[in-house]
Amino acid sequence: MKKSSDDADPSPSASELISNKIAELGDWRGETLARMRKLIKEADPEVIEEWKWMGTPVWSHGGIICTGESYKSAVKLTFAKGASLKDPARLFNASLDGNTRRAIDIHEGEEVAGPAFKSLVREAIELNKAGKSKSSKKAKS
């Protein structure tokens, strides 16, 4: 059965909007954001891509993992609960004085270690899951 054109959703998906953003950047920032997006998807094939706050790519699983913003001189990946994550590779290099978030600023010519980044993504997901299940755990008797 063929869908009528009335059934088609004219608005692009978050994934399409993120792909468009990467293409629009068209320089090292687009390449960097595309690479980090790929690493996020490799770390979590079930990640949900969202488009929030008037044009910010967001990756979620049980809550926000991180956002991906592009500035003139950096691509910033902000982890919503970054202050609670272990970061043995010391990837976090921005927003270090906050109580909740931590960020990774990537400048032209810099590259983030893929395995360490994927570990952060997985840890963020586990933290999100732990936060969700806390309230549903029954008290031990």
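What share of the contacts in the protein between residues at least 6 apart in sequence join residues at least 24 apart? The share is 49%. The structure discussed here is a predicted model.

**Overall layout**

The protein has three helices and five strands. Along the sequence these elements follow the pattern α-α-β-β-β-β-β-α. Of the 141 residues in the protein, 38% are buried. The accessible surface of the protein comes to about 9000 Å², and carbon and sulfur atoms account for 50% of that surface.

**Helix α1**

Helix α1 covers residues 14-25, which is 12 residues. At 1.5 Å a residue, α1 should span 16 Å, and its end C-alpha atoms are 17 Å apart, so the two values agree. Four residues of α1 are buried: A14, I18, I22 and L25. Seen down the helix axis, the buried residues of α1 fall within an arc of 80°, and therefore they line one face of the helix. The face turned away from that buried side carries A23 and E24, both exposed.

What do the buried residues of α1 pack against? Their partners are helix α2 (28-43) and the strands β1 (48-52), β2 (56-60) and β3 (64-70). Just after α1 comes G26, which takes a positive phi of about 60°.

**The β1-β2 hairpin**

Strands β1 and β2 pair in the antiparallel sense, over five bridges. One of the bridge pairs joins W51 to P57 in β2. The two strands form a hairpin with three residues between them. W53, in the turn, has a positive phi of about 50°.

P57 also appears in the surroundings of strand β3, where it is in contact with C66.

**Three buried residues**

C66, V112 and A124 serve here as examples of buried positions. C66 lies in strand β3, V112 in the loop between β5 (102-106) and α3 (114-134), and A124 in helix α3. The table pairs each of them with a residue elsewhere in the sequence.

| Residue | Partner | Separation in sequence | C-alpha to C-alpha distance |
|---|---|---|---|
| C66 | G82 | 16 residues | 8.7 Å |
| V112 | L91 | 21 residues | 7.4 Å |
| A124 | L85 | 39 residues | 6.8 Å |

Why does C66 count as buried? Its relative accessibility is 0%, and buried means under 20%. Leaving aside neighbours within four places in sequence, C66 is in contact with I40, P57, V58, W59, T78 and F79.

V112 has a relative accessibility of 8% and therefore counts as buried. Beyond its neighbours within four places in sequence, V112 is in contact with R35, M36, L91, I104, I106 and F117. L91 is thus named both among these contacts and as the partner of V112 in the table.

For A124 the relative accessibility is 6%, so A124 also counts as buried. With neighbours within four places in sequence left out, A124 is in contact with I65, F79 and L85. F79 is listed for A124 and for C66, and F79 is therefore a contact of both residues.

Key
Residues numbered from 1 in each chain as written. Predicted model: local features only at pLDDT ≥ 70, side-chain atom pairs only at ≥ 80, totals over all residues. Heavy atoms only, no water. Expected span 1.5 Å × (residues − 1). Buried < 20%, exposed > 50% of the residue type's maximum accessible area, 1.4 Å probe, protein only. Arc of directions from axis to C-beta. Contact = heavy atoms within 4.5 Å. Areas by Shrake-Rupley, 256 points an atom, 1.4 Å probe, with all protein chains shown as cover. Pairing = 2+ DSSP bridges.
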